[in-house]
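Let's take a walk through some side-chain contacts and see which parts of the chain they bring together. Keep the structure open while you read.

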Amino acid sequence: MDTIKIKVYRHAPEAEGPAAYQSYDVPFEEGMSVMTALDYIYYNLDSTLAYYDHAGCDLGICARCAGKINGKPGLFCQTLLQGDTTLDPRDKDKVLKDLITLKSNS
């Protein structure tokens, strides 16, 4: 089975130390979403990863899982992976932890 590298922005503002990226090797399947890769990381590699999971909607409606995928805005539940990918929170100035941010009131 092919694997891809998922590089995830990791930061907990209350913790000491700067933000950093952590890379994970994830088994790749055609048609898998970013959310599927995050679920794999959380359940198999690193349960400390913070992200909005499928509990929101998984239909691209609620936009809780919005972030940046290879530098471009997108929804983790709707964006399909095509290879090695870098994930960032939608706004690094509002990070609560890792890929979870405070919701903007605008």
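## A charge over a ring

Start with lysine 7: its charged end sits over the ring of tyrosine 21, 5.1 Å from the ring's centre. Keep in mind that you're looking at a predicted model. Lysine 7 also has a neighbour in another strand, as it stands opposite threonine 86 in E5.

## Rings that pair up

How many aromatic pairs does a search of the whole structure find? The search turns up three. Take tyrosine 9 and tyrosine 21: their ring centres are 5.8 Å apart and their planes are at 75°, so this pair is edge-to-face. Angles over 60 degrees get that name. The two partners come from distant parts of the chain, with tyrosine 9 in strand E1 (residues 3-10) and tyrosine 21 in strand E2 (residues 20-27), 12 residues apart. Is tyrosine 9 buried or exposed? With a relative accessibility of 7%, tyrosine 9 counts as buried, because the cut-off for buried is under 20%. Tyrosine 21 is partly exposed, at 37%.

Now look at tyrosine 42 and tyrosine 43. Their ring centres are 5.1 Å apart and their planes are at 90°, so this pair is edge-to-face. Tyrosine 42 is partly exposed, with a relative accessible area of 29%, while tyrosine 43 counts as exposed at 61%. There's a third member here too: ring pairs link Tyr42, Tyr43 and Tyr51 into a cluster.

## A salt bridge between E1 and E2

The structure holds four salt bridges. One of them brings together the side chains of lysine 5 and aspartate 25, at 2.7 Å from N to O. Lysine 5 belongs to strand E1 and aspartate 25 to strand E2, so the pair ties together parts that are 20 residues apart in sequence. What about their surroundings? Lysine 5 counts as partly exposed, at 40% relative accessibility, and aspartate 25 also counts as partly exposed, at 43%.

## Arginine 10 and its two partners

Which residues share a salt-bridge network with Arg10? Let's build it up one contact at a time. Arginine 10 forms a salt bridge with aspartate 46, where the closest N and O atoms are 2.8 Å apart. Arginine 10 is in strand E1, and aspartate 46 is in the loop between helix H1 (34-45) and strand E3 (66-69), so this contact ties together parts that are 36 residues apart in sequence.

The side chain of arginine 10 also meets that of aspartate 98 in a salt bridge (3.1 Å, N to O). This one links strand E1 to the loop between strand E6 (95-97) and strand E7 (100-101), with the two residues 88 residues apart. Put these contacts together and you have the answer: Arg10, Asp46 and Asp98 are joined into one network by salt bridges that share partners. Arginine 10 is buried, with a relative accessible area of 14%, and aspartate 98 is buried as well, at 2%. Aspartate 46 is buried too.

## Strand E5 and its neighbours

Finally, find strand E5 (residues 85-89). Four of its five residues are buried, so E5 is largely enclosed by the rest of the structure.

Which way do its partner strands run? E1 and E5 run parallel and are joined by three bridges. E3 and E5 are also joined by three bridges, but this pair runs antiparallel. For an example to click on, isoleucine 69 has leucine 87 in E5 as its bridge partner.

Definitions and conventions. Residues numbered from 1 in each chain as written. Predicted model: local features only at pLDDT ≥ 70, side-chain atom pairs only at ≥ 80, totals over all residues. Heavy atoms only, no water. Phe/Tyr/Trp six-rings, centres within 6.5 Å; stacked < 30°, edge-to-face > 60°. Buried < 20%, exposed > 50% of the residue type's maximum accessible area, 1.4 Å probe, protein only. Lys NZ or Arg CZ within 6 Å of the ring centre and 35° of its normal. Pairing = 2+ DSSP bridges.
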